[in-house]
2 protein chains.
Amino acid sequence: MADRILMFILDGVGDRAVRELDNKTPLQVADTPNLDHFAKIGENGLMDTIAPGIRPGSDTGHLALLGYDPYEVYTGRGPFEAAGAGLSLEAEDVAFRCNFATLKDGKVVDRRAGRIKEGRGELTEAIQKIKLDVDFEFKDTVEHRAVLMLKGEGLDGEVSDVDPHEKNVAFHEAVPLEDTKENKRTAKILNEFTEKCVEVLSNHPVNKEREERGKAPANVILPRGGGKVPHLEDIRSKHGLDAGAISGITLVRGVCSLAGMDIIDVEGATGGLDTDVDAVVSSCIDALEKHEFVLVNIKGCDLSGHDGLPEQKIDFIEKIDSSLEPLRGLEDTYVAITGDHSTPVTVKGHSGDPLPITIWGKDVRRDEVAEFNEISCSRGGLHRIRGEDVLNILKDLADRAEKFGA
Amino acid sequence: MADRILMFILDGVGDRAVRELDNKTPLQVADTPNLDHFAKIGENGLMDTIAPGIRPGSDTGHLALLGYDPYEVYTGRGPFEAAGAGLSLEAEDVAFRCNFATLKDGKVVDRRAGRIKEGRGELTEAIQKIKLDVDFEFKDTVEHRAVLMLKGEGLDGEVSDVDPHEKNVAFHEAVPLEDTKENKRTAKILNEFTEKCVEVLSNHPVNKEREERGKAPANVILPRGGGKVPHLEDIRSKHGLDAGAISGITLVRGVCSLAGMDIIDVEGATGGLDTDVDAVVSSCIDALEKHEFVLVNIKGCDLSGHDGLPEQKIDFIEKIDSSLEPLRGLEDTYVAITGDHSTPVTVKGHSGDPLPITIWGKDVRRDEVAEFNEISCSRGGLHRIRGEDVLNILKDLADRAEKFGA
């Protein structure tokens, strides 16, 4: 029987030389006996998720790691957020990310409506009753976040954001970014949706009550990041793999879901720094019983990178490492540990710096690398590969690759 | 005068960490003073014949090493086998690999007709007298193997195999794999050919005699692996090289032949573990007098890999190495030693693991690598290159590359 494949993604783990760490990276400073063990028994290298110097998003990064060409298939974040929120997408649909926001005297005064938690369900129900020229779905997700999906033919996703991305200005009128009939129609419907949201939300009891209690009312919805649902070839036909994914992040769940992977829920996997990595690792090992290929995404490092906190990033790396011990017991499995992009604390955002990668399994060539970090791994036998190569290499190792030729 | 180029291909030489070799590869364990010498005076690296994780065939692998894009030109194994067997192919022809096989009560009971050796010539003559709607050539090659070529326009190679690939079942009717007029016509002719072969072979004296002696009669021909002759730009125009090839393997001879290389016969070069490597090396040195570029393929390591025999692979590597001494005396020649694909003993088949490569010649940069194996070479100055790069690098070294630009 062919072997199993595990891709373990440490979101944003890559970093740069940090002055206060004596010009080392957080991975170099962190004490990581398990990661170092895997580097020792495996083959190591650097991995450009998309290409050298290209800054991946978490969506395009995961697409590349699953072997899709993001330049070919990517249509925007909206559809992945919608899929990750559990909406059922069809090929012609157009999806948007949305915020509940606060409008006062025609201006957006809070883009997050005071990070509204209570009452979102009732507001969502009111929005769902709106009548538009097309069918649509609207769903609130986390805090002020929501997704909107316009359904049916004759629509497209190249329309500008209603969200002004700054406060104390009016929200924008959506306009077509490419002058097509479909984009014009979509922009018109989106503007109609926004106006009707203002109508139904402004006098909604939930908002009346919020105002009475001095909270920002959620009296407008601001769509952004529109995109037509991309066509991703199902991972079963593309790679011949029955696959599962574990991630606390809606966007990553959406990418994996649209690729045809089963989304596995793990209690305590929050996507935050408080996430239960032990539970994730345990579920991952269980999932490998059922699935030929499992992808795990652990978010924390990315958060510390965005916040520019090297010590916090080091602590979280050590937290992950201490939970990886059970992976030492995996049998008949080839494992890659890497990231989807770097999030250097010096950048406070995603960067195009390549990621360290280690691949191990029973007969993987052993190079002389003994530590898992950006500098040690760069001396390894994998050299510098690309995101699109990773799953091909793992399939080849696990004897799941077809020979091309005779 | 520009210098000569030698590409020395150790078929299937790459391997993985083998547990019984203390997690080393056969190349790491083998005692290879000559290969190590070349590594020391040369530049080393890893080479993905096609791309990371992609498992090459010997045909697609050699195509890539000769600078052809196998994704563009490859049409199947048949035409290369036919060319390697010495049939003269034209652009519109369709070629098939065939087996002499044994039919009993409508079922294929032996796909190899008892590995028939004697009498093949007479059976072949009988087959050659068959009348079909098209011209065809049929030629027996080694043991039960043969090639069939349907000649002329209006044919195509996307038809299913007549060979059922298992015994005790009926042979298959060829059907078009793509529904075109040409494929339909080819399938019809192929089925007619098979039926007529049964007619002429069933009562053939050679088979009567075989049956009397208790041997399996060769009373059916089973075509498979059809493909239209690919268009390969002649290596003279593509690379400006007058080229020769030495290989004991029909498939490799076919690739080189269709690329326009002279096929050089070497007595004792069997393609087996018993091959006379001294004779091959000696012929190779002679061939470099006549040809600007010589490709040598030595098969043995691939056989040990397929059979999963690490010690045999080590022995054969040492046998090759001991015969390479005369290459030290080459002058005005740039040499690359590598493989066409890995055939790890742990996989018992081709794999996508990259190959070690060493390139040397009078002014080649010398890196610090001192041993020819997968791990040492990975630390070399060539880093990780692709098959398509190898001949370009050699042409550049030999001052046979054209400048692109001014």
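I will talk through how two copies of a chain are arranged and how they meet, and then turn to a domain contact and two local sites.

Please keep in mind throughout that this is a predicted model. Let me begin with the relation between the copies. Chain A can be laid on chain B with an RMSD of 0.3 Å, and the operation that does so is a turn of 121° with a shift of 0.2 Å along the axis. The two copies are thus related as by a three-fold rotation axis. As for the surfaces involved, only 5% of the interface residues of chain A are also interface residues in chain B, so the copies meet through different surfaces.

Looking at that contact in detail, chain A contributes 19 residues and chain B contributes 32 residues. On the side of chain A that touches chain B, the elements giving two or more residues are β14 (383–386), α14 (387–397) and β15 (403–404) of chain A, and of these α14(A) gives the most, with 5 residues. Sorted by class, this side of chain A holds 9 charged, 6 nonpolar and 4 polar residues. The strand β15(A) also pairs across the contact, running in the parallel sense with strand β4 (residues 55–56) of chain B over 2 bridges, and within β4(B) it is Arg55(B) that is the bridge partner of Lys403(A).

Within chain A, the domain assignment gives domain 1 (4–74 + 231–397) and domain 2 (81–228). Their contact takes 7 residues from domain 1 of chain A and 7 residues from domain 2 of chain A, and the side of domain 1 that touches domain 2 has 4 polar, 2 nonpolar and 1 charged residues. The C-alpha centres of these two domains of chain A lie 33 Å apart.

Now to chain B, where helix α15 (residues 387–397) is mostly covered, with 8 of its 11 residues buried. Among the buried residues of α15(B) are Val390(B), Leu391(B), Ile393(B) and Leu394(B), but also Glu388(B) and Lys395(B). Just after α15(B), Asp399(B) takes a positive phi of about 60°.

My last site is Arg236(B), which is placed in helix α9 (residues 235–239) of chain B. Is Arg236(B) partly exposed or buried? Arg236(B) counts as partly exposed, because it has 14 C-beta neighbours inside 10 Å, whereas a buried residue would need 20 or more. Leaving aside neighbours within four places in sequence, Arg236(B) is in contact with Leu241(B), Asp242(B) and Gly260(B). Met261(B), 25 residues from Arg236(B) in sequence, is 8.5 Å from Arg236(B) in space, C-alpha to C-alpha.

Technical notes: Residues numbered from 1 in each chain as written. Chains lettered and ligands numbered in written order. Predicted model: local features only at pLDDT ≥ 70, side-chain atom pairs only at ≥ 80, totals over all residues. Buried ≥ 20, exposed ≤ 12 C-beta atoms within 10 Å, placed from the backbone. Helix = DSSP H or I, 4+ residues; strand = E, 2+ residues; numbered from the N terminus. Contact = placed C-beta atoms within 7 Å. Least-squares fit on C-alpha atoms with pLDDT ≥ 70 in both. Domains from an automatic or database assignment. Nonpolar A, V, L, I, M, F, W, Y, C, P; charged D, E, K, R; others polar. Pairing = 2+ DSSP bridges.
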